[in-house]
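Please open the model in your viewer, with the sequence panel beside it, and follow the selections below in order.

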Amino acid sequence: MPLDPSFAGRTYPPTTTYEVSRAKIAEFAEAIGDDNPLYRDPDAARSAGYPDVIAPPTFLTIINLASINAIVADPELGLDYSRMVHGDQRFTHHRPVHAGDVLRLTTHIDDVFARAGNDFLNVRADVETTAGEAVCTTHAQLVVRGE
């Protein structure tokens, strides 16, 4: 069943917030094998001009994935998860994420189209603090393989 193209232009407002902690940043840095002291040492981060430890650039995948999954799970969209692959992921950082940030995401479906028998879904998430400060814009492309 093809994806419903009328979903292009839909916006999904924030439903929760995510509090960034030193522990989660350290766990993520460990998982990707990055020993940068800015991700673990508050003194090193402050010496570099940050208010606390900062997160690796791809850290926001943790919360971005949840927003994408909410769209994917929408039965009206008609997406067969068993046929989906992640085609692309990009981050445009407006400032580093740091411990103590409380973040929320507004997710948008920018485009829904078919090409070569496959459906494509372009999703964007605007990540900001609860105070409204822009932190990052993420872009993901999901591909649903044709029958």
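**Strand S4 and its partners**

Begin by selecting Thr-11 together with His-108, the residue in S4 that is its bridge partner; bear in mind throughout that this is a predicted model. Widening the selection to residues 11-12 gives strand S1, which pairs with strand S4, residues 102-115, in the antiparallel sense over 2 bridges.

Next, select residues 18-19, which form strand S2 and likewise pair with S4 over 2 bridges, again in the antiparallel sense. Within this pairing, Glu-19 has Val-102 of S4 as its bridge partner.

Now add residues 118-129, strand S5, which runs antiparallel to S4 and is joined to it by 12 bridges. Towards the turn, which residue of S5 does Ala-114 stand opposite? Selecting both residues shows that the partner is Asp-119. Between the strands of this S4 and S5 hairpin there are 2 residues, and Ala-116 is the one to pick for its backbone, where phi is positive and near 50°.

**The largest pocket**

Finally, turn on a pocket display and go to the largest pocket, whose volume is about 310 Å³. The pocket is lined by 17 residues, of which Thr-15, Thr-16, Ala-66, Ser-67 and Leu-105 are the closest to its centre. Select helix H3, residues 61-72, and then S4 once more, since each of these elements supplies at least two residues of the lining; H3 provides the largest share, with 6 residues. Colouring the lining by residue class separates 11 nonpolar residues from 5 polar and 1 charged.

Notes:
Residues numbered from 1 in each chain as written. Predicted model: local features only at pLDDT ≥ 70, side-chain atom pairs only at ≥ 80, totals over all residues. Heavy atoms only, no water. Pairing = 2+ DSSP bridges. Helix = DSSP H or I, 4+ residues; strand = E, 2+ residues; numbered from the N terminus. 1 Å grid on protein atoms, 1.4 Å probe; cavity = no way out; pocket = protein on both sides within 12 Å on 5 of 7 lines; lining within 4 Å. Points joined across faces, edges and corners; volume = space filled by probe spheres on them. Nonpolar A, V, L, I, M, F, W, Y, C, P; charged D, E, K, R; others polar.
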